Amino acid sequence: MHPAIPIYLVSMSGIHNIKTQFKSFLIEIGELSYFTARFFKEVFKRPFELKELLRQCYYMGNRSLFLVAITGFIIGLVLTLQTRPTLQEFGAVSWMPSMVGISIVREIGPIITALVCAGRIGSGIGAELGSMRVTEQIDAMEVSGTNPFKYLVATRVLAVTLMLPLLVFFGDAIALFGSYLVESVKGDVSFTLYFTQVFNSLEFGDIVPATIKSIFFGLAIGLVGSFKGYYCKKGTAGVGKAANSAVVFTSLLLFIIDFIAVFVTDIFYDL
Amino acid sequence: MMDKKNIPNQEIVLEIKDLRKSFGDNHVLNGFNMQLHQGENLVIMGKSGSGKSVMIKCLVGLLEADSGSISVMKNDITKLDQEALDILRADIGFLFQGSALYDSMTVRENLEFPLRRHKQKNSLDTDINELVAEALENVGLANTQDLMPSELSGGMKRRIALARTLILKPKIILYDEPTSGLDPITAKEIIMLMQEVQQKYGTSSLIITHDIDCARVIADQMILLIDGIDYAVGTFQELSASKDPKIKAFFK
């Protein structure tokens with residue numbers, strides 16, 4: 001800090017910066033809300049662009065499969081290895097499949113898969129649409145009589161919303177398999193016994209909220225990625241920024257959605 | 001301001017009256033006027049940032065004008081709804097400065113895209129194949145159907161983009177800097193191609209450029225866009241002989 005600048009002026013400038021950043025954050029939220037409303041308006045209108053939707057579902061699902069599998073497997077392994085000593089201390093190792101099953105299905109599976117997909121799919125959508133905006137491909141589409149919002153945005157958002165719950169199921173299964181491998185080596189538990197215990201401990205009330213939550217996670221990934229890319233500023237730097245901010249903003253949004261989902265689920269459990 | 005001369009005695013297909021467009025305090029267009037006649041090649045020249053691209057984007061509804069009227073084949077596009085605008089757009093071809101080919105599609109898919117979306121939705125696949133082949137033949141790139149845009153050179157991309165523009169047989173073609181970023185030989189080839197297209201299909205062309213050679217070869221009429229208005233209108237010879245320093249600056 002320059003010694004000649006009084007401290008209260010530095011504080012004032014800091015407060016001004018925070019105010020400006022908060023204001024632009026609120027403007028962005030407003031624009032994203034408008035974008036979301038437009039998505040819901042366009043998605044139910046003809047033409048439905050089914051071919052493009054299926055293509056996007058295939059690409060998003062297929063391209064994320066390996067990453068989700070690896071992440072899920074490692075999470076299952078690590079969770080079991082880390083929890084085992086504590087459960088052993090209390091003589092409760094037999095609770096391991098139930099505990100791992102519930103925590104993965106309710107919370108860890110959906111949030112980890114969503115975070116992985118935010119990095120993989122969200123940034124991909126942001127970069128792709130951003131690049132199309134910068135190189136005037138979106139304008140070219142509009143001039144050719146195609147609604148680019150419907151063709152590019154609606155299909156991508158819908159595809160990731162549909163694919164994410166499926167990826168979460170897949171990730172959960174792989175994570176539980178990873179957990180079983182640890183248990184089979186360390187605790188000599190059979191495959192049937194492990195998974196019987198997992199399924200016995202799971203209830204309808206564990207799976208449904210997690211699935212609904214996953215749908216909202218998918219929607220958030222698709223909407224934020226598309227929003228950032230579709231309104232990308234000119235230049236290659238703009239494309240990079242669109243991809244990067246898509247991941248950062250989505251990750252933050254995922255935790256907010258998660259908090260709301262847990263809160264709402266808790267209210268239903270109490271009723 | 002110079003008077004407009006040598007206007008072909010043909011029907012007006014595109015007319016702009018008192019077009020104004022601002023971005024905040026930046027007044028880009030301050031009452032721009034122009035007329036394009038059937039079969040005419042009209043060149044609009046202006047410095048970078050003079051509002052040429054803004055004007056052409058207002059013409060196809062990519063940007064909304066603040067005021068003024070834009071009449072395309074007797075339809076005021078500022079008053080059309082989205083559906084009517086999309087139908088009208090089939091008659092207006094647009095060649096973008098950077099070609100704007102769809103990266104994720106092959107050349108064939110790029111050409112099929114406007115066909116499958118427009119009035120030939122009920123066409124058979126064989127008809128579409130024939131139209132794609134014809135469009136590619138017109139630009140001398142018949143064997144590129146299965147290539148991706150990333151495999152093409154700058155000149156080839158521009159030709160394919162022209163083929164995509166031509167595939168719906170538009171009545172008006174808008175060229176946004178058709179020769180920018182190309183070497184002189186390729187630029188010349190593109191200009192010749194534009195002339196061939198004009199002769200073959202009798203289209204009316206609006207060409208935005210600051211390539212003086214392009215303007216000399218192709219322009220029936222020229223407009224100099226200076227300070228957001230149609231500062232000077234005339235043939236290439238008339239404008240190049242002008243004593244006005246603002247006009248002379250373009251022909252140095």
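Author: Let's start with a term: two strands pair if DSSP finds at least two bridges between them. Keep in mind that this is a predicted model.

Reader: Okay, let's try it on β3 of chain B. Which residue of β9(B) does I44(B) stand opposite?

Author: Strands of a sheet pair through backbone hydrogen bonds, either parallel or antiparallel. Here, I44(B) stands opposite I223(B) in β9(B). Strand β9 covers residues 221-226 of chain B, and β3(B) pairs with it in the parallel sense over four bridges. There's another partner too: strand β8 (residues 204-208) of chain B also runs parallel to β3(B), again over four bridges. On that side, L42(B) has L206(B) of β8(B) as its bridge partner.

Reader: Which residues of β3(B) point one way, and which the other?

Author: In a regular strand the side chains alternate between the two faces of the sheet. In β3(B), N41(B), V43(B) and M45(B) go one way, while L42(B) and I44(B) go the other.

Reader: Is β3(B) enclosed or open?

Author: For this you need a cut-off: a residue is buried if 20 or more other C-beta atoms lie within 10 Å of its own. Five of the five residues of β3(B), residues 41-45, are buried, so the strand is largely enclosed by the rest of the structure.

Reader: Now an antiparallel case. In what order do the strands of the open sheet in chain B come?

Author: The order is β2-β1-β4-β5, four strands with antiparallel pairing. β2 (26-37) and β5 (75-76) of chain B are at the edges with a single partner strand each, so each has one side without a neighbour in the sheet. For a close-up of one pairing, take β4 (residues 67-72) of chain B, which is joined to β5(B) by two bridges. There, V72(B) sits opposite N75(B).

Reader: On to helices. How far apart are the end C-alpha atoms of helix α5 of chain B?

Author: They are 18 Å apart, and that agrees with the expected span: at 1.5 Å a residue, the 13 residues of α5(B), 154-166, should span 18 Å.

Reader: Is α5(B) mostly covered or mostly uncovered?

Author: An α-helix has 3.6 residues a turn, so residues three or four places apart point the same way. In α5(B), 11 of the 13 residues are buried, so to speak of it as mostly covered is fair. Among the buried ones are M156(B), I160(B), A163(B) and L166(B). The buried residues of this helix pack against β6 (92-95), α3 (107-117), α4 (125-138), β7 (172-176) and α6 (184-201) of chain B.

Reader: How many residues does each chain give to the contact between chains A and B?

Author: Chain B gives 15 residues and chain A gives 10. On the chain B side, α2 (82-89) and α3 are the elements that supply two or more residues. α3(B) gives the most, with three residues. By class, that side of chain B has nine nonpolar, two polar and four charged residues.

Reader: And what is chain A made of?

Author: Chain A has eight helices and zero strands. Its C-alpha trace spans about 65 × 60 × 40 Å along its principal axes, and buried residues make up 40% of its 271 residues.

Reader: Which domains does the domain assignment give for chain A?

Author: The assignment gives domain 1 (1-45) and domain 2 (49-270). Their C-alpha centres lie 28 Å apart. Where they touch, domain 1 of chain A contributes seven residues and domain 2 of chain A eight. The domain 1 side has four nonpolar, one polar and two charged residues.

How values were computed: Residues numbered from 1 in each chain as written. Chains lettered and ligands numbered in written order. Predicted model: local features only at pLDDT ≥ 70, side-chain atom pairs only at ≥ 80, totals over all residues. Expected span 1.5 Å × (residues − 1). Buried ≥ 20, exposed ≤ 12 C-beta atoms within 10 Å, placed from the backbone. Contact = placed C-beta atoms within 7 Å. Domains from an automatic or database assignment. Nonpolar A, V, L, I, M, F, W, Y, C, P; charged D, E, K, R; others polar.
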